[in-house]
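Please open the structure in a viewer and keep the selection panel at hand. The stops below are meant to be followed in order.

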Amino acid sequence: MTAVACEPRPHGCRDVPVLKERGQHEVFCGLTGIIWLHRKMQDAFFLVVGSRTCAHLLQSAAGVMIFAEPRFATAILEETDLAGLADAQTELDRVVGELLERRPDIRQLFLVGSCPSEVIKLDLQRAAERLSDLYAPNVRILNFSGSGIETTFTQGEDACLASMVSVLPETRTRNLLLVGALPDVVEEQAVSLLSALGIGPIRVLPASRTTFESGVGENTLFALTQPFLGDTHAALERRKARHIPAPFPFGEEGTTAWLRAIADAFDIDDETFERVTRAPRTRACKAVAQAAEVLRNKSIFFFPDSQLEIPLARFVTRECGMRVAEVGTPFLHKGVVGPDMALIEGCPVFSEGQDVDRQLDRCRAARPDLVVCGLGLANPLEAEGFTTKWAIELVFTPIHFYEQAGDLAGLFSRPLRRFQSLNLMAAE
Amino acid sequence: MKLTVWTYEGPPHVGAMRVATGMTDLHYVLHAPQGDTYADLLFTMIERRDRRPPVTFTTFQARDLGSDTANLFKTACRDAYDRFRPQALIVGASCTAELIQDDPGGIAETMGLPVPVIPLELPSYQRKENFGADETFYQIVRTLARPVRKTPHVTVNLLGPTALGFRHRDDILEVTALLADLGVGVNVVAPMTASPADIARLGAAHFNVVLYPETAESAARWMEREFQMPYTKVVPIGVGATHDFVKEVVTLTGGKPSLDVSRLHLPWYSRSVDSNYLTGKRVFVFGDGTHAMAAARIARDEMGFDVVGLGCYNRERARAVRSMARDLGCDVLITDDYLEVERSIESLAPELILGTQMERHIGKRLGIPCAVISAPVHVQDFPARYSPQMGIEGANVIFDTWVHPLVMGLEEHLLTMFREDFEFCDEAGPSHHGVVSASRRESCAEPGVESMRPSTIEIVWRPAAEKELRKIPFFVRGKARRNTEIFAGERGLSEIDIDTLYEAKAHYAR
Ligand code: SF4
């Protein structure tokens with residue numbers, strides 16, 4: 001099929017049974033997505049309607065990223081709102097008014113639901129519609145849920161993008177829509193590769209500004225750049241857009257397969273494909289090979305976090321020569337990650353959901369060389385002698401496409417290299 | 001509904017987590033949705049704890065609502081007990097669980113667990129983190145502490161240190177050593193380091209030393225009432241307060257005051273001529289009530305600063321902070337609204353901020369140096385080296401920490417003298433901070449597109465005046481700019497030239 005291949009690869013496994021867990025989860029809620037979404041959408045503001053906990057989560061997850069007044073805030077529900085002394089809808093109008101007056105640069109406002117707002121059944125959809133009437137056409141007001149009772153971590157982005165799909169204008173133009181918030185540098189790489197293949201017009205969701213948004217319709221083809229966009233996928237299909245299923249563009253193989261699927265959908269010939277991709281593929285293979293040196297034959301264990309786990313398991317087994325002990329994911333959406341699952345080497349345990357203490361037991365029994373987990377678990381596991389990689393870094397760092405393939409492998413290899421280079425015991 | 005950008009305190013259950021995580025052999029079962037588990041990372045990442053906090057979250061989901069969230073809680077409680085075998089359990093609800101009213105306390109009590117179960121009522125929509133810690137510790141003490149025989153030697157309990165506390169780890173060591181010099185032993189340190197069994201024997205101490213009233217006052221009051229144990233009111237932060245603390249302790253022990261000051265450097269460092277440049281520096285102090293008041297006293301009496309503003313974010317300390325501000329004759333600010341603090345700092349234009357991590361960001365944006373004196377904390381507030389705030393070493397640490405963000409005495413004069421020298425550009429900031437501060441200062445000085453503030457000033461600076469302004473050292477330039485603009489505005493001027501600049505300077509001369 002291809003002239004450039006890093007090395008011959010055996011077949012993966014498919015349709016293995018999935019271990020379903022329903023115990024204590026150790027994951028963020030969907031509000032966390034706001035941290036990267038508000039940077040990506042430069043004319044958007046995210047107003048969480050929630051509690052002090054929600055505000056505290058956002059600031060803890062944002063961590064050191066506090067250097068400017070952010071384009072997000074929390075409308076904290078107070079005793080009076082709960083006791084029905086103040087009408088929550090009226091209060092919301094007041095808060096939104098305050099906010100928009102202070103930020104005249106805002107063009108789209110997201111009202112973001114939280115656990116408390118959902119438990120008290122505060123109707124944010126109604127609020128968004130009412131406020132839209134009030135502030136149109138200057139400001140578009142949408143709502144989605146980032147609550148912990150409905151969403152897990154990256155699902156917040158999914159809910160947000162899905163809410164935007166319904167307001168995209170109708171178009172009959174044949175176009176390609178790339179779906180998923182990516183760092184600008186990565187997004188530009190994708191667009192330029194696809195343009196070089198002769199594919200266009202290309203639009204992205206979310207766009208950096210509402211003015212750059214595209215239309216959608218039956219002639220729209222869309223490709224997901226992130227595996228956690230199940231609802232957005234469904235919303236786009238409701239708008240008659242057609243999905244191009246593919247493995248996700250991580251590593252040389254993933255990127256090639258992803259581009260190939262899109263190229264096929266746009267009838268791009270093999271010769272063009274070969275010409276455009278050859279150089280970056282060769283570069284990617286080389287970069288991965290270098291970084292993957294220390295990864296070969298090492299084992300890895302993924303705790304569920306971002307839903308990137310399955311595509312990444314595919315990458316580390318096929319391109320870095322690792323063995324996967326367990327790959328946990330908060331949700332397993334076969335329609336989205338099926339192509340990646342089919343390629344994974346060596347049939348690991350697939351687990352969906354979580355019972356954190358039992359999963360920790362399994363992890364200890366498996367004694368993997370590297371554990372990919374959330375921030376709450378990383379240091380405690382390090383203290384037990386494991387080497388860990390924070391899952392959140394995989395969400396915040398540019399890891400997609402050819403030019404980042406080496407960096408992606410590097411994210412996994414750095415903790416192992418560090419472990420090998422430190423010689424702390426001798427000093428004691 | 002209150003619009004909030006950043007919060008100084010987390011919700012009350014985070015306070016309870018700080019108590020539970022500081023203790024040993026205690027487990028907290030918290031009825032909460034999955035996202036609330038973010039709180040674990042405060043401990044494992046910010047404080048670099050090597051163990052998970054002893055907290056089981058029930059992580060109920062939308063589909064559980066109305067059907068079996070109560071059962072979920074029961075199972076979580078049972079599993080947590082079986083797995084961790086704690087000496088006692090605390091149980092409670094986070095903000096969301098408070099709304100579904102499952103009554104975790106009631107459920108846990110009926111389960112017949114073989115250890116004490118302590119229910120917590122922490123009203124999430126009214127109170128905050130410090131209240132949560134104080135209340136949790138109080139409930140634990142109330143349930144577990146028993147009247148016991150006093151220790152033969154004079155001992156005290158050190159009360160208040162928690163996980164994620166600002167320098168609590170090192171304050172414990174410093175105060176323990178200071179008390180040892182007075183012949184006073186430590187019976188129990190709690191909550192941090194204590195197990196439920198240790199809590200049971202709190203009454204063996206002769207009196208209590210309250211290190212952090214924010215988290216231990218209710219428990220200390222209760223023991224005063226129930227066990228007739230007095231507790232100390234002075235918090236030994238700063239030279240003066242440490243002397244006062246020693247006096248307070250000896251009035252309770254009947255011993256002789258003694259304080260080994262051979263390692264104390266603050267007074268001499270403050271007297272030495274290089275510190276002349278500290279005289280009358282205008283400082284703004286903000287933090288939790290206890291740390292803010294301690295800092296204000298040090299600032300005035302031990303550093304020779306001029307305190308222009310004092311405030312705290314925990315309303316529980318509002319009264320004491322207000323009265324101290326009256327004594328100091330400065331502005332007072334009781335608020336947990338970050339934007340209000342920012343506005344206040346902007347209008348007071350201090351030369352140094354003594355605040356929290358939040359004020360550090362304000363300082364960065366406004367180009368004002370800042371030293372951190374209080375929680376909320378950041379990973380930087382857990383240094384590897386020993387750096388207490390209390391006692392003798394605490395005073396030394398404070399001197400260094402506060403002076404560090406400033407330009408050193410002689411350096412300040414040199415900068416003024418050679419400000420035209422391009423290699424000696426004052427934009428570089430204090431020489432001991434390296435080049436990082438240069439770019440940082442640039443980005444701070446001019447608020448970028450991110451700024452929310454609508455620009456109200458339409459006064460134009462003439463190029464010559466602008467150039468003259470650049471000659472003023474950067475650390476007062478912002479203030480000079482604002483003062484000149486206010487001066488011009490008041491006189492209805494639409495342009496500022498060199499004369500306006502110097503007239504304003506004369507007008508504001510102090
Ligand atoms: S889990 Fe719910 S209550 Fe907790 S931070 Fe997320 S949205 Fe807020």
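Two strands count as paired if DSSP finds at least two bridges between them. With that in mind, note that the model is predicted, and begin where the two chains pair.

**Stop 1: a strand pairing across the chains**

Select β3(A) together with strand β1 of chain B, residues 2–4. These two strands run antiparallel to each other and are joined over three bridges. Within this pairing, A:Ile76 is found opposite B:Lys2 in β1(B). In general, strands of a sheet pair through backbone hydrogen bonds, in either a parallel or an antiparallel way.

**Stop 2: the contact between chains A and B**

Widen the selection to the whole contact, to which chain A contributes 53 residues and chain B contributes 48 residues. On the side of chain A that touches chain B, the elements giving two or more residues are α2 (52–62), β3 (72–76), α3 (79–82), α4 (88–102), α5 (115–119) and α15 (375–383) of chain A. Of this side, α2(A) supplies the largest share, eight residues. Coloured by class, the side of chain A that touches chain B shows 29 nonpolar, 12 polar and 12 charged residues.

**Stop 3: the ligand**

Select the ligand next; it lies between chains A and B. Which residues come nearest among the 17 around the ligand? They are A:Cys29, A:Cys54, A:Cys115, A:Gly148 and B:Gly35. The shell around the ligand draws two or more residues from each of α2 and α5 of chain A and α4 (95–100) of chain B. Here α2(A) gives the most, with three residues. By class, this shell has eight nonpolar, eight polar and one charged residues.

**Stop 4: a helix in chain A**

Move to helix α9 of chain A, residues 230–238, and display its buried residues: A:Asp231, A:Thr232, A:His233, A:Ala235 and A:Leu236. An α-helix has 3.6 residues a turn, so residues three or four places apart point the same way. To view the surroundings, add α7 (155–165), β6 (175–179), β8 (220–224), β9 (242–243) and α13 (334–341) of chain A, against which the buried residues of α9(A) pack. After α9(A) comes A:Lys240, which has a positive phi near 75°.

**Stop 5: a parallel sheet in chain B**

Turn to chain B and select the four strands that form an open sheet in the order β3-β2-β4-β5, with parallel pairing. Its edge strands are β3 (55–57) and β5 (117–119) of chain B, each of which pairs on one side only. On average, neighbouring strands of this sheet are turned by 20° against each other, direction ignored. Strands β2 (residues 26–31) and β4 (residues 88–93) of chain B pair in the parallel sense over six bridges. One residue to label is B:Tyr28, whose bridge partner in β4(B) is B:Ile90. Then add helix α3 of chain B, residues 69–84, which packs on the sheet and touches β2, β3 and β4 of chain B. The direction of this helix makes about 160° with that of β2(B).

**Stop 6: the domains of chain B**

Finally, colour chain B by its domains: domain 1 (12–128), domain 2 (155–253), domain 3 (266–406) and domain 4 (454–510). Between domain 1 and domain 2 of chain B, the C-alpha centres lie 28 Å apart. Their contact takes 14 residues from domain 1 and 10 residues from domain 2 of chain B. On the domain 1 side, α1 (12–22) and α2 (39–46) of chain B are the elements that give two or more residues, and α1(B) provides the largest share, four residues. That side divides into seven nonpolar, four polar and three charged residues.

How values were computed: Residues numbered from 1 in each chain as written. Chains lettered and ligands numbered in written order. Predicted model: local features only at pLDDT ≥ 70, side-chain atom pairs only at ≥ 80, totals over all residues. Contact = placed C-beta atoms within 7 Å. Nonpolar A, V, L, I, M, F, W, Y, C, P; charged D, E, K, R; others polar. Domains from an automatic or database assignment. Near = placed C-beta within 6 Å. Buried ≥ 20, exposed ≤ 12 C-beta atoms within 10 Å, placed from the backbone. Axes fitted to C-alpha atoms, helices over the stretch in contact; angles between N-to-C directions.
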